[in-house]
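Biologist: Before any label is applied to this model, I should like to hear the reasoning behind it. Please set each value against its criterion.

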Amino acid sequence: MYGKGILKGLSVTWKRFWDTYIDDISWLLRGKKRYYSEEGIKHRSSKDQKGIFTIQYPEERLITPEEARYIPFLVYDEKPDGTQEQRCTSCGICAKVCPPQCIWIVRSNDPNTGRPIPEPTEFYIDVDICMNCGFCAEYCPFDAIIMDHDFELASYGRSVYNMEKLLKPASYYKSIRPGQYAKNEAERKAKEAAKAAKAAAAAPKA
Amino acid sequence: MATTLPHTETTQPSTLDLGARFPGVVSADTRPSFKGWIVPKENLIEVATVIRDEFGYDLLSNVTGVDYFPENKMEVVYHAYKTTGGPGLEFKVQVPREDPVEVPSLINLWPGVDFQEREAWDLLGIKFTGHPDLRRILMWEGYEGHPLRKDWKEPFHEEDFKPFKSRWPDGQFYYAEEKNPYQDNLKFPQDFDPEQWIPEGDALLYGSLARYTLPQEDGLGTDRIVLNMGPQHPSTHGVFRAALTVEGETIVGLKPVIGYLHRNHEKIGERNTYIQNMPFTDRLDYFNSMANNFGYALAVEKLMNIPVAERADYIRVIMAELTRVQNHLVFIGNLLNDLGAMYTPALYAFEERELVLDIFEAVSGARMMCNYFRFGGVVRDVPDDVMQKIKDLVYERLPAKTEEMDRFLTENEILVSRLKGVHVIDSETAVRYSMTGPVLRATGVPYDIRRADPYSIYDRFEFDVVTRTNGDLYDNYLIRLDEIWQSLRILQQAIKQIPQGPINSQKPQYQVRVPAGEAYGRVESPKGELGFYVISNGKPNPWRYHVRAPSFVNITPLEQICLGKKIADFVALFGVIDVVMGELDR
C-alpha cells in the first residue's frame, strides 16, 4: 500500500509527541520535579530519557563532569597562619607544552644573589588563544595549574588573565575536582613519607 | 604488563620486488627507517602503470610532497593499496628543488590524484606536468608563494619551532596580532574599488567549467548559466562553494571552490612538537575527534616503535566506534535536512549524539575537542560509572534508537522516491577516484581498512564489512544504518573483552623522543580513509606532517557525480559524501 511507510514513520513522531506528556505527567504524579532539579537533569541525560530532552540553559545547567576542562587557573595553598603559598615553581613545563603558546611566565630572581627562585613574578594566560586542551594541567609536576569548570567567558575585548585573576585557592580546586584532588593529595603524602623515610634511613650514617 | 605489538609489519612494502621488475631504474629507499621505492621521474608513468595493472594496486590513496630544503630536494610520495586488502606500496619521485619543480601527473592513471596534486602544487609548488587543471586549491588564485615550503614565513614569524623562547623564563606578554604588519593579513592597493574588481582567478575557474559538452536531449536551445552555490549556503555544511554551470536544470559543469576555512594545519603541525599536534587533530573533522586522534597516534607510535597498552587499545576502539555511531546518525539527520525534511530527523539524531558526547566529556574533559589519545595509550582511564553508561547506551539505548530511525525513515515513500535511482557513482570510477569509506562501500566494493589492513585490535572482533550494490543515494543512506549495527556489534564485543590494566605503555612525557624515519598511519574514520603521513628527522618537531583527509579526497569526483543530474539533486549528492569543512580545508 502506498503511504504505509509514511504512516509508519509518522507513528514514530506521534509516539514521541505523546511521550513528552506521558513522561511529564508520570513525574508529576510521583511528586517529583522533572525540570529545574538535579534529578530531572540527570534523568534527561540518561538512557531512560523520553520526551523533552532540552536543558533550559541558563536557568538550568547540565551537570559538569569532574574531568571537564576550560581555561586553566593557578592553585595556591592557604597556610594555617593565613598566608598564601603558590604551588607554581615557574619551571616552565606548561609554557613549553602549550600547543598555541598562550602561557607567558616571568621567573623570579633573588634580588641579592641573582639566582632564580622557584616562584613566578608574572604569569599570563592569553585566554582568547587558549585551546582548552588541558596539557598544562596534565603535565604540571606540582598540580599547580588546573583546568577550571567555568565556561562563561564571553567578553567584549581581548582577555589576558594575569596572576591576580589566575590564582585560586586549593579549596576551590577541591570543590570542582574532588576525585583528582584526593588522588593528588594521596600521591603527595606518599612522596613526602618516602622522603622522610629516606631521610630517616640516611640520618644515622651521617 | 600485557601489551600488543605495534602494527609495523602490516604496512611494510609488499614483498613484490619493484626493483627486480625494473632493474637499474627503480631503487629501494635506503634511508634508515624509510620504506618504499624511488622512481626516476622519467619512468614514473611507466612504473605506475605496472603498479596499477600488473601488481594490482588499484587504489592510489595518498599523494603528497615533501620539501627537503637542506638537501635541496623535493620529493613526491605516493601510497598505493589494493582494494582486496593487504599492505600498501609506497613509491617516491625525487627532483631537484629548483623552480620549476616538475613531476609528471598521474591523473590519467588515477584521476583521484586531481585534488591532491593541486594541493601539492598550491602548498609546495610542485608542478605536475600533464595535469589539465592545475590551479591553486586551498589558497586563493593570485597568492604569492607556497606556504608549506620550508623557506616560507608568515607575516609575523616569531620562531621556526615551538616552544617559543619568549614565553619562559622571561615571558613579557605582548599581543601577537600587534606585531603582524598586515594586521588582518590584508593589504589593499590605494585606489582599490571592490565594485570594479574582477578576481583574476575566477576567469581560470569559470574557464575550467566549460570542459564538458553534454548532448542536448530535447533539442531546445538554452543558455548556460553559471551559478555559484555557497560559500554561504545552508546546505553546503559550511563554507563550501560550488561553481556550477547549468543548462536549464541540468548540471553541465561543476567546480568545487574550497579553502575558506584553510589555516595551513600542516604547517602548524610541522612547527609543533609531536604531542602538541594531538589537540590540533581534533579540529580536523570536528565531528569525530576521537577518530582523528586515533590516526595520528598510530602514525607516531609506528615511528617511535612503541606498543600500546592492552586496555588502552580497547578504550580506543570503544571511543572510535561510538564516534562512528553518532557520526552516522547525524549524517542521516543532516541528509534529511538537505532534502527538506527540516529538523525533526536531525534533532532525533542529535539526542543520541548528545548522549555519546556526555561520555566523551566524562572521559576526556571535552565534548568535541577530546584530545584523548596519547602515544602508547590514552590519557586517563574510563571510570566504572562511565563504563556503565557506555554499556547502557550500547546494549539498550542506541539499538533501540537506530531501530526507531530505521522505522521512521527507511520505508517512507517520499524519501524513497527522492533517493532511489539517483546514482552517485559506480564502483570502478569510485576506486579510480580514490574514494573510500561508506560511499565506496555503497557501490559494492568491500573495502574497509579495519578489515583490509587491520590496525590496533580490529582483527579480534567479528563484524561484517557491509556493502550495497547500486551506489545510489538510497544505498548511501542504508549503508550508514548498516554500519551503525556493525559498530554496535564491535562495541558489544569490546565491552565484554576489555581487560583491566594500565592505560599507557609509556611514562607521561611532555616531549617525546621520536627516532628519524617516516610512517603512514591510517584509520577507517567514519568518512573514509584518514591517513597521517609523518616524517621525523629526530628533532622534537616533525619534518613533515601530512593529513590525508577523507573529505578532501572524496569530493574529487564531485563533478563526475553531478554531471547530467538536476540541480535539485546536487545538495543531496554533496550531502551523502559527508564532508566536514574543518577536514576538507585544513
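Modeller: Let us begin with burial. A residue counts as buried if 20 or more other C-beta atoms lie within 10 Å of its own, and as exposed if 12 or fewer do. The model discussed here is a predicted one.

Biologist: What makes strand β1 of chain A mostly covered?

Modeller: Strand β1(A) spans residues 72–78, and 5 of its 7 residues are buried. In chain B, strand β11 (residues 250–257) is likewise described as mostly covered, with 7 of its 8 residues buried.

Biologist: Why is B:V534 called buried?

Modeller: The cut-off for burial is 20 other C-beta atoms within 10 Å. B:V534 has 25, and is therefore buried. This residue lies in strand β16 (residues 528–536) of chain B.

Biologist: Which residues is B:V534 in contact with, leaving aside its neighbours within four places in sequence?

Modeller: Contact requires C-beta atoms within 7 Å. On that criterion B:V534 is in contact with B:A299, B:V300, B:L303, B:E518, B:A519, B:P542, B:R544 and B:Y545. In addition, the C-alpha atoms of B:V534 and B:Y274 are 9.8 Å apart in space, although 260 residues separate the two in sequence.

Biologist: How do you know that β1(A) pairs with strand β5 of chain A?

Modeller: Pairing requires at least two bridges between the strands. β1(A) and β5(A) (residues 145–147) are joined by 3 bridges and run antiparallel, so the criterion for pairing is met. Within this pair, A:L74 has A:I145 as its bridge partner.

Biologist: Which other strands are joined to β1(A), and in what sense do they run?

Modeller: Strand β7(A) (residues 167–169) is joined to β1(A) by 3 bridges and runs parallel to it; here A:V75 stands opposite A:K168. Strand β2(A) (residues 84–86) pairs with β1(A) in the antiparallel sense, again over 3 bridges, and A:Y76 stands opposite A:Q86. β1(A) and β2(A) form a hairpin with 5 residues between them, and A:G82 in the turn has a positive phi of about 90 degrees.

Biologist: What makes β10 and β11 of chain B a pair?

Modeller: Two bridges are the minimum for pairing. β10(B) (residues 241–247) and β11(B) are joined by 7 bridges in the antiparallel sense, so they qualify as a pair. B:V246 stands opposite B:I251. The hairpin of these strands has 2 residues between them, and B:G248 takes a positive phi near 65 degrees.

Biologist: Why are β3 and β6 of chain A said to stand at the edges?

Modeller: The open sheet has 3 strands in the order β3-β4-β6 (chain A), with antiparallel pairing. β3(A) and β6(A) (160–161) each have a single partner strand, so one side of each is left without a neighbour in the sheet. The pairing of β3(A) with β4(A) (residues 116–126) runs over 7 bridges, and A:N109 has A:P116 as its bridge partner in β4(A).

Biologist: Let us turn to the contact between the chains. How many residues does each supply?

Modeller: Chain A supplies 39 residues and chain B supplies 44. On the side of chain A that touches chain B, α1(A) gives the most, with 7 residues. The residues of that side divide into 20 nonpolar, 10 polar and 9 charged.

Biologist: Why are α1(A) and α11(B) called oblique to each other?

Modeller: The axes of α1(A) and α11(B) (residues 384–409) come within 6 Å and cross at roughly 135 degrees. Roughly perpendicular covers 65 to 115 degrees, and roughly antiparallel begins over 145. The crossing angle falls in neither class, and the two helices are therefore oblique. A:K8, A:G9 and A:V12 in α1(A) meet B:E404, B:R407, B:F408 and B:L409 in α11(B). The residues of this contact divide into 3 nonpolar, 1 polar and 3 charged.

Biologist: What confidence does the predictor assign to the two chains?

Modeller: Chain A averages a pLDDT of 87, and 99% of its residues score at least 70. Chain B has a mean of 85, and 91% of its residues reach 70 or more. Over residues 1–14 of chain B, pLDDT stays under 50. The model scores ipTM 0.89 and pTM 0.88.

Methods:
Residues numbered from 1 in each chain as written. Chains lettered and ligands numbered in written order. Predicted model: local features only at pLDDT ≥ 70, side-chain atom pairs only at ≥ 80, totals over all residues. Contact = placed C-beta atoms within 7 Å. Helix = DSSP H or I, 4+ residues; strand = E, 2+ residues; numbered from the N terminus. Nonpolar A, V, L, I, M, F, W, Y, C, P; charged D, E, K, R; others polar. Axes fitted to C-alpha atoms, helices over the stretch in contact; angles between N-to-C directions. Parallel < 35°, antiparallel > 145°, perpendicular 65-115°, else oblique. pLDDT = per-residue confidence, 0-100.
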